Amino acid sequence: ARGTDLQQAARDHLWMHFTRHSVYEEGGHVPTIVRGEGHKIWDDTGREYIDGLAGLFVVQVGHGRTELAETALKQAEKLAFFPIWSYAHPAAIELAERLAAGAPGDLNRVFFTTGGGEAVESAWKLAKQYFKLTGKPKKHKVISRSIAYHGTPHGALSITGLPPLKEDFEPLVPGAHKVPNTNIYRASEDLRDDPKAFGRWAADRIAEAIEFEGPDTVAAVFLEPVQNAGGCFPPPPGYFERVREICDEYDVLLVSDEVICAFGRIGSMFACEDFGYTPDIITCAKGMTSGYSPIGAMIASDRLFEPYKSGTNSFAHGYTFGGHPVSAAVALANLDIFEREGLNAHVKENAPAFRRTLERLLDLPIVGDVRGEGYFYGIELVKDKATRETFNAAESESMLRGYLSKALFDAGLYCRADDRGDPVVQLAPPLTIGQAEFDDIEQRLRTVLTEAPNHL
Ligand code: PLP
């Protein structure tokens with residue numbers, strides 16, 4: 001049956017992702033975004049917001065880019081769809097070449113998906129098959145970090161380190177093991193003051209896990225350059241250097257999950273470069289098209305493609321819409337914008353100012369930590385700054401869900417208040433913004449965070 005208006009139809013028919021629908025059952029207004037321009041978005045009531053999360057860590061070049069819309073139109077007119085199952089089309093070929101050129105080391109082989117979770121899924125499957133084909137058939141397990149989010153298909157969800165997202169879907173894929181994340185703010189007191197020692201400690205937990213599971217059974221380690229879930233955990237100094245050593249020592253593949261960090265979020269095409277390591281696989285998606293059309297990719301090293309170059313071997317895996325012509329063409333045009341406008345350099349140049357602006361919030365009693373890299377920040381909220389005491393579950397629920405999420409939106413700032421780890425506000429705006437917008441974001445956060453302790 002057809003609803004009479006969009007709001008009613010949303011309440012009656014739209015199943016929003018990760019959404020508690022009870023509030024809409026009671027007639028609540030479904031936040032409905034109808035238009036975007038640059039770093040601004042507008043809802044169905046005409047209200048304007050700063051897009052403080054680039055949609056969902058996606059819209060790198062900002063909204064309303066006619067050039068990307070026109071590229072999509074032209075490609076759809078010319079060839080709307082053809083699969084890359086034993087066939088190819090020019091947009092996928094050119095994009096593969098461009099991604100390989102931008103990737104570090106010998107990561108030269110690009111396998112397209114439609115999004116990030118599928119890229120993660122593909123990487124785990126590739127790791128398993130690669131070791132089967134090269135005489136190490138027992139290697140199938142993966143190691144990843146606590147709280148880290150890697151997607152929702154069964155494999156990617158198994159790699160994800162957030163128990164509340166997983167419990168209702170057990171049993172998951174066996175062989176996925178977790179190690180500590182790199183939240184130095186929550187490290188033991190002796191390690192907090194020594195980031196290098198913390199980096200070494202955290203990396204060595206991976207070696208320990210490999211030893212515990214059995215090196216001949218572990219295929220891959222999945223890590224984000226800067227972990228998003230939990231509120232931005234950058235790698236401590238020396239962390240990835242040591243992880244690379246460990247992976248080499250045990251012949252375990254290092255997968256850099258750059259679904260968020262690639263394409264300028266940290267100020268370079270692939271963020272592993274920022275932290276000085278070369279993985280065996282990069283998984284990426286989101287910012288590749290700035291969201292103007294969906295696509296993801298797994299970029300693998302020459303070594304991993306070697307067994308597929310001869311005989312009857314094939315990676316028996318794929319997605320109908322993987323490498324979609326429209327998305328691939330839009331990705332190329334998106335990367336053109338990055339180059340023409342020097343977006344990566346812009347992020348590198350302005351990131352310190354963004355950080356300093358957000359750090360002004362540290363004068364508020366509720367703000368415990370401001371952390372991140374590039375245009376990617378997490379603001380951790382605490383009950384007691386001196387002791388770093390966090391909120392209990394009920395307080396977190398009433399403050400974050402009962403107040404903060406809505407209050408930030410009402411203050412004209414779309415971003416995310418999240419309590420999947422300790423409570424954090426997450427920011428990842430379009431990469432085009434500068435000091436005026438940093439100030440605006442800080443002011444809006446200040447207003448809401450000043451009021452937040454009254455809503456425990
Ligand atoms: N990996 C990381 C690091 C992510 O942040 C996400 C999504 O946020 C995913 C994987 C899953 O990507 P998608 O939602 O496109 O499946």
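How many nonpolar, polar and charged residues does the shell around the ligand have?

## Ligand shell

In this predicted model, the shell around the ligand has 3 nonpolar, 5 polar and 3 charged residues. Gly counts as polar under the classes used here. The surrounding residues include Gly 115, Gly 116, Gly 117 and Gly 151. Tyr 149, His 150, Val 259 and Ile 260 also belong to the surroundings of the ligand, as do Glu 224, Asp 257 and Lys 286.

## Polar contacts and burial

Two side chains and one backbone position can be described for the ligand's polar atoms. A ligand nitrogen atom lies 2.7 Å from an N or O atom in the side chain of Asp 257. A ligand oxygen atom is placed 3.0 Å from an N or O atom in the side chain of Lys 286. At Gly 117 the partner is a polar backbone atom, 2.7 Å from an oxygen atom of the ligand.

The ligand exposes 390 Å² when taken alone, and the protein buries 79% of that area.

## Aromatic rings and charges

The count of aromatic pairs comes to 17. Ring pairs join Phe 111, Phe 305, Tyr 308 and Phe 315 in a cluster.

Phe 305, a member of that cluster, also has the charged end of Arg 109 over its ring, 3.6 Å from the ring centre. Another charge over a ring involves Lys 128 and Trp 124. Here the charged end of Lys 128 sits 5.5 Å from the centre of the Trp 124 ring.

How values were computed: Residues numbered from 1 in each chain as written. Predicted model: local features only at pLDDT ≥ 70, side-chain atom pairs only at ≥ 80, totals over all residues. Heavy atoms only, no water. Near = heavy atom within 4 Å. Polar contact = N/O pair within 3.5 Å; in protein donor to acceptor, adjacent residues only side chain to side chain. Areas by Shrake-Rupley, 256 points an atom, 1.4 Å probe, with all protein chains shown as cover. Phe/Tyr/Trp six-rings, centres within 6.5 Å; stacked < 30°, edge-to-face > 60°. Lys NZ or Arg CZ within 6 Å of the ring centre and 35° of its normal.
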